[in-house]
Amino acid sequence: MPSKHFSRVNSGNSDLPFSYVPETSDNIDDTLIMKVTVASGKGGTGKSMVAANLAWALSETSPVTLVDCDVEEPNLHLFFPQDPIEREEVTVPVPSIDLDRCTFCGDCAGFCAYGALLVTKDRVLFFPDLCHSCGGCSLICLAGAIKETQRSIGTLTLRHISDRLHIVTGTLQEGDVLATKVIREAKRIAERPGWIVYDASPGTSCPVVETLQGSDLCLLVTESTPFGLHDLELAYSVTSYMGIPSGVVINLSDGRDKETRAFCEEKEIPVFATIPFDRWIAHVQGVGDLISRRDSFWKDRFIALGMACCSRVEEL
Amino acid sequence: MLLESGGAMIRLAVVSGKGGTGKTVITGAIAHVSTCSKVMVDCDVDAANLELILNPKVIERQEFAGMDTALIDQAACTACGICAGACRFDAIKTNGTSFVVCSDHCEGCGVCRYLCPSYAISMRRRVCGEIFYSQTHFGNLVHARLTPGAANSGLLVGIIKKIALERNSDCDLLLVDGPPGIGCPLISTVTGMDAILAVTEPSISGLHDLERLIRVCHPLSADIAVVINKYDLNIPGSDSIRVFCQNAGIPVVGQIPYDESVMDAVRKGRLVTEYDSPAAQAIHSLWDEILSTFGVRAFAG
């Protein structure tokens, strides 16, 4: 199914810390991958629902890695009962100050663009939440009083759902802010042959950009409300700025999608699927199940959505 | 009912953890049903939606400059590559003969400028959004638009809150529409608040995200309360949220039914409480309950 137009996996995966390799059947070229980000701008439009169902349906025939890049509020694992088989910490380097060597000159605090260091006449205060781990303070310290130590900011977990479906979840530690670093690490360990489906966080800022980097296509999930349309326009401006082709899924549709469709037509974005607002769907979601697992009608629809992604990428 | 009678300003943030639970609709409705003087701030700067229902008249706008970004002077650059080797953000790219800064990745630390032996790198101001100061029927609104794809949303949130507070210090209520998530913009939003209203919905992700949100907000001095939106879409799910809140010692101050009139109102650019509906009635009760809950607890202090 993935074609020669899709980006190739970098060689040398064997040194990655996560040890799984999805089973592949003989007719699939295991050096080919298709990367799709599911994003939305507005929260609660059903990104995770689309990502989880798409991954589940496609894994019927192809190897799929589902990556939860909504590291502030990761939810994909809630749709799958399996416990993680591997876990790894995400750490960042932060300064550690040797007060015996420190001359309290204040150069480090003067250099720090983020205000993470404060030097008084006999003390150095470090605010880890403000630190971006640039390494500048340890470079600039003439007394050699600053070394770097590792600080944990989150975790990565791997779940084995089936021979063809794996889930990588990035989780930002509560109270920490370096979401992009956790996203980058989750994407790094998920780099595998087959489909890779990234579930982005809501919004349009740095975590979404980090998730989108390197994607072949972005599925923009929206809903037929003025909020949904407004935020779809913002999310589309991110994908077009990054040069990533996109397609739209209208979720929670009550049939009043005229303005959303008009926007898509004007920008020449294909509408790949429309999913109605339906109490049965809401119920299935609410109890942590997937509509594509419950009903083969929906499984076929999500496989078709995957095929539409492929055709769109080939066409461009 | 201290809130209705004046006194020191009360700072209330409406947040959710999970996106799309109804923060903005509820914030707009509170702006409508509360009778005290107020200033509003839309801290969801990535995707600001409060303006769609409060019909603000913009009276002032200003540029938002985030962290500086590095710029390499190609004439002075000797292509030694020291900068690219030292950059922790992979922001300096090369084609083998020249080096350029990818401004999307640059976090403005200044390490490259410090290390450059040819003094070819300077730090430049970068505009990455716009701040609006507006009037609405219910009070002033400070909102912003972060350039799509830009960083520094937490910094922008801090700035617009500061503008709202400085210019409206005589108001009784600072009403904040928060961002989804629990990261940088959320922490910037809830810092310094007196009260936090967490809007959740009865789904497993709604509860999971609420739990993470509460753990982030707990160390703050603010009082926290929960409202369950669309509670009737999953009654057992709503019961689980109540059990969690009870165990965590957090009051549930309201429940709002799923009601199509909510989106009918939004489509007209109106507030749900401008019409009579089950959701509107539930929001009126919610506000009364917020007043009595926080009125005794946070608002009395």
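This is a short talk on chain B, on its contact with chain A, and on one strand of chain A.

Hi everyone, and thanks for coming. Please keep in mind that what you have in front of you is a predicted model.

Let's start with chain B as a whole. Its C-alpha atoms fill a box of roughly 70 × 40 × 40 Å along the principal axes. In secondary structure, chain B has ten helices and 13 strands. How is chain B divided into domains? Domain 1 takes in 2-65 + 129-296, and domain 2 covers 69-125. So that you can find them on screen: the C-alpha centres of these two domains of chain B lie 41 Å apart.

Two more numbers for chain B. It has 301 residues, and 54% of them count as buried. Then there are the contacts between residues at least 6 apart in sequence: in chain B, 76% of these join residues at least 24 apart.

Now for the place where the two chains meet. Chain A gives 47 residues to the contact, and chain B gives 47 residues too. Which helices of chain A each supply at least two residues to the side that touches chain B? They are α3 (136-140), α5 (206-212), α6 (226-242) and α8 (279-286). The largest share of that side comes from α6(A), with nine residues. If you think in terms of residue chemistry, the side of chain A that touches chain B has 19 nonpolar, 22 polar and six charged residues.

Let me finish with a strand in chain A, β1, residues 33-39. Is β1(A) mostly covered or open? Mostly covered: seven of its seven residues are buried. In a regular strand, side chains alternate between the two faces of the sheet. In β1(A), A:I33, A:K35, A:T37 and A:A39 point one way, while A:M34, A:V36 and A:V38 point the other way. Residues on both sides are buried, and that includes the lysine, A:K35.

And what does β1(A) pair with? One partner is strand β8 of chain A, residues 194-199, which runs parallel to β1(A) and is joined to it by six bridges. Within that pairing, A:K35 stands opposite A:I196. Another partner is strand β9 of chain A, residues 217-223, also parallel, with four bridges to β1(A). There, A:V36 has A:L217 as its bridge partner.

That's my tour, so do turn the model around and have a look for yourselves. Thanks for listening!

Note on methods. Residues are numbered from 1 along each chain as its sequence is written. Chains are lettered from A and ligands numbered from 1 in the order in which they are written. This is a predicted model: local features need pLDDT of at least 70, side-chain atom pairs count only at pLDDT 80 or more; totals for chains, interfaces and linings use all residues. Two residues are in contact if their C-beta atoms, placed from the backbone, lie within 7 Å. Ala, Val, Leu, Ile, Met, Phe, Trp, Tyr, Cys and Pro count as nonpolar, Asp, Glu, Lys and Arg as charged, and the others, Gly among them, as polar. A residue is buried if 20 or more other C-beta atoms lie within 10 Å of its own, exposed if 12 or fewer, and partly exposed in between; C-beta atoms are placed from the backbone. Two strands pair if DSSP finds at least two bridges between them.
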